[in-house]
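Q: Please examine a single part of this structure closely, and set that part in the context of the chain as a whole.

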Amino acid sequence: MSRQDTVPSASAAIGAALYGLATRAARRLPRDMSLTSAATLATLDRTGPRRITDLAAVEGVTQPAMTTLVRVMEESGLVERRGDPSDKRVTLVCLTEAGASYVRTRHQAGVHAFERLIGKLADDEIEALAAALPALKHLAELESQDREGQKR
């Protein structure tokens with residue numbers, strides 16, 4: 001069987017496994033806030049301060065919905081609004097220390113959940129996952145690049 005024959009079926013199987021794993025992981029997250037709120041905090045943590053319009057585009061919601069979401073997170077002390085030093089007309093949404101702490105705690109809880117599951121695998125399965133790490137990291141980079149390309 002040639003690479004041309006195997007790659008599509010392998011890609012579909014791997015894609016289905018990764019998608020299933022990601023959706024199950026998302027369902028296990030604490031329900032203390034919406035997925036959009038948590039994703040917005042993670043975006044701010046990863047990219048730094050952003051305009052509300054940028055956040056709305058990245059998270060796939062309307063600007064009024066993001067404005068409401070930001071207001072609620074601001075009242076909770078997770079984000080704050082600051083003026084943009086390069087353009088005084090612009091307001092940026094910034095992560096507070098409490099927001100950054102929330103993102104770190106949530107991230108660590110997810111890592112520990114996977115660590116527990118991985119600990120239940122056979123040694124050869126753990127070795128296979130370890131061997132796949134470079135490809136998984138590259139896949140994550142490609143997804144980020146693809147997401148950035150779709151925003152434009």
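A: A residue is called buried when its relative accessible area is under 20%, exposed when the value is over 50%, and partly exposed in between, with a 1.4 Å probe and protein chains only. By this criterion, buried residues account for 23% of the 152 residues in the chain. The model is a predicted one, in which local features need pLDDT of at least 70 and side-chain atom pairs count only at pLDDT 80 or more, whereas totals for chains, interfaces and linings use all residues. Numbering runs from 1 along each chain as its sequence is written, and side-chain values use heavy atoms, with hydrogens and water left out.

The chain holds six helices and two strands, taken as DSSP runs (H or I, at least four residues; E, at least two) and numbered from the N terminus. Their order along the sequence is α-α-α-α-β-β-α-α. With a radius of gyration of 19 Å, well over the 15 Å of the globule rule for 152 residues, the chain is more spread out than a compact globule; the radius is taken over C-alpha atoms, and the rule is 2.2 Å times the number of residues to the power 0.38. The C-alpha trace spans about 60 × 35 × 25 Å along its principal axes.

The part chosen for the close look is helix H2, residues 35-47. Its 13 residues, at 1.5 Å a residue, should span 18 Å, and the end C-alpha atoms are indeed 18 Å apart; the expected span is 1.5 Å times one less than the number of residues. Ser-37, Ala-38, Thr-40, Leu-41, Thr-43 and Leu-44 are the buried residues of H2. Their cover includes helices H3 (52-59), H4 (63-75) and H5, together with strands E1 (79-84) and E2 (87-95), where contact means heavy atoms within 4.5 Å. After H2 comes Gly-48, with a positive phi near 90°.

Helix H5, part of that cover, also contributes to the surface. Leu-21, Phe-114, Leu-117, Ile-118, Leu-121, Ile-126 and Leu-129 make a nonpolar surface patch of about 500 Å². Helices H5 (97-118) and H6 (123-151) are the elements giving two or more residues to this patch, and H5 supplies the largest share, three residues. Patch members have over 30% relative accessible area and no salt bridge; like charges are joined within 9 Å and nonpolar side chains (Val, Leu, Ile, Met, Phe, Trp, Tyr) within 5 Å. A salt bridge is a Lys or Arg side-chain nitrogen within 4 Å of an Asp or Glu carboxyl oxygen. Areas come from the Shrake-Rupley method with a 1.4 Å probe; for residues, only the protein chains shown count as cover. Ile-126 lies in H6 and counts as partly exposed because its relative accessibility is 32%.
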